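Student: I have just opened this structure and would like a friendly tour. Could we go through it with questions and answers?

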There are 2 protein chains.
Amino acid sequence: MAARTGSCCAPIARQPLAEDAAADLAALLKAVADPVRLRLLSMIGSHPDGEACVCDLTDAFDVTAPTISHHLKVLRTAGLIDGERRGTWVYYWIVPQQVARLGELFTPLAAPAAAG
Amino acid sequence: MAARTGSCCAPIARQPLAEDAAADLAALLKAVADPVRLRLLSMIGSHPDGEACVCDLTDAFDVTAPTISHHLKVLRTAGLIDGERRGTWVYYWIVPQQVARLGELFTPLAAPAAAG
């Protein structure tokens, strides 16, 4: 009941979203709303070099390389990762600004609800 | 290119997500990865009373009341909103802790990337 006193304050809860903003954000969220893509994002982001070769990513999954390529393409189209080919392989890295857009939407701007 | 130097630091990018955590988070993200549900979440959260009657929500959309009810049920099942019936109508409010889970996943823990 305490939760409804109105100051939950994440941007998503501060003012009604316009239709076009909602469509744009939903597309970005759909790109991450998949277990394989979330794992890919976390594997790329946490790779020691800050970037990961596609050859480092496929072994962790029970799906085929073309399926992994599809998921990487979805993340890249959404602007969450970028990449470049070097010789045989494509290397990917996180685009932190785009990841942060997701965080900002759901993060309270005021003091976090720590009290009580 | 600067983005790949490894300190993008949002929890999603700090260590590889385990399969079960990825499945759990993907389900939560799917609940918000829809323009109508994002708008509902924002309308409920920003309602002056901190809660909104379903009767206040349906008029803003070109879809039927049962469709809105379906979307509200998805949000409620994901724990992002809660609600209770009072007389004729059901009233909904945001569950800030669950919304914040989404924010935490994508928000850098270190200093935000403001420089450069």
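Student: How many salt bridges does the rule find across the interface of chain A and chain B?
Tutor: Keep in mind that this is a predicted model. A salt bridge here needs a side-chain nitrogen of Lys or Arg within 4 Å of a carboxyl oxygen of Asp or Glu. Across the interface of chain A and chain B, the number of pairs that meet this rule is zero.

Student: Which elements of chain A each supply at least two residues of the side that touches chain B?
Tutor: Helices and strands both take part. The helices are α1 (19-32), α2 (35-45) and α5 (96-106). The strands, to complete the answer, are β2 (81-86) and β3 (89-94).

Student: How do the residues on that side of chain A divide into nonpolar, polar and charged?
Tutor: Let us begin with the contacts: 46 residues of chain A are in contact with 45 residues of chain B. On the side of chain A that touches chain B, the division is 27 nonpolar, eight polar and 11 charged.

Student: How many residue pairs are in polar contact between chain A and chain B?
Tutor: Here both residues of a pair must have pLDDT 80 or more. A pair of N or O atoms has to lie within 3.5 Å to qualify. Between the two chains, the count of such residue pairs is seven.

Student: What area do chain A and chain B bury between them?
Tutor: The size of an interface is often given as the accessible area lost when the parts come together. For chain A and chain B, 71% of the buried area is on carbon and sulfur atoms. The area they bury between them is about 3,700 Å².

Student: What pattern does chain A follow along the sequence?
Tutor: Chain A has five helices and three strands. Read along the sequence, they give the pattern α-α-β-α-α-β-β-α.

Student: Which residue in the turn of the hairpin of β2(A) and β3(A) has a positive phi?
Tutor: β2(A) and β3(A) run antiparallel and are joined by six bridges. Within this pairing, A:I81 stands opposite A:I94. The hairpin has two residues between its strands, and the one in the turn with a positive phi, about 65°, is A:G87.

Student: Which strands stand at the edges of the sheet in chain B?
Tutor: This open sheet has three strands in the order β1-β3-β2, with antiparallel pairing. Two of them have a single partner strand each, so one side of each is left without a neighbour in the sheet. Those edge strands are β1 (52-53) and β2 (81-86).

Student: Which residue stands opposite B:R85?
Tutor: β2(B) pairs with β3 (residues 89-94) of chain B in the antiparallel sense, over six bridges. In β3(B), the residue opposite B:R85 is B:V90.

Student: Is B:Q98 buried or exposed?
Tutor: B:Q98 is found in helix α5 (residues 96-106) of chain B. Leaving aside neighbours within four places in sequence, B:Q98 is in contact with B:L28, B:A78, B:G79 and B:L80. A polar atom of the B:Q98 side chain lies 2.7 Å from the backbone oxygen of B:A78. Because buried means under 20% relative accessible area, B:Q98 with 17% is buried.

Student: What is the relative accessible area of A:V63?
Tutor: A:V63 is in the loop between α3 (54-57) and α4 (65-77) of chain A. A:V63 is partly exposed, and its relative accessible area is 33%.

Methods:
Residues numbered from 1 in each chain as written. Chains lettered and ligands numbered in written order. Predicted model: local features only at pLDDT ≥ 70, side-chain atom pairs only at ≥ 80, totals over all residues. Heavy atoms only, no water. Helix = DSSP H or I, 4+ residues; strand = E, 2+ residues; numbered from the N terminus. Buried < 20%, exposed > 50% of the residue type's maximum accessible area, 1.4 Å probe, protein only. Contact = heavy atoms within 4.5 Å. Buried area = accessible area lost by both parts, 1.4 Å probe. Polar contact = N/O pair within 3.5 Å; in protein donor to acceptor, adjacent residues only side chain to side chain. Nonpolar A, V, L, I, M, F, W, Y, C, P; charged D, E, K, R; others polar. Pairing = 2+ DSSP bridges.
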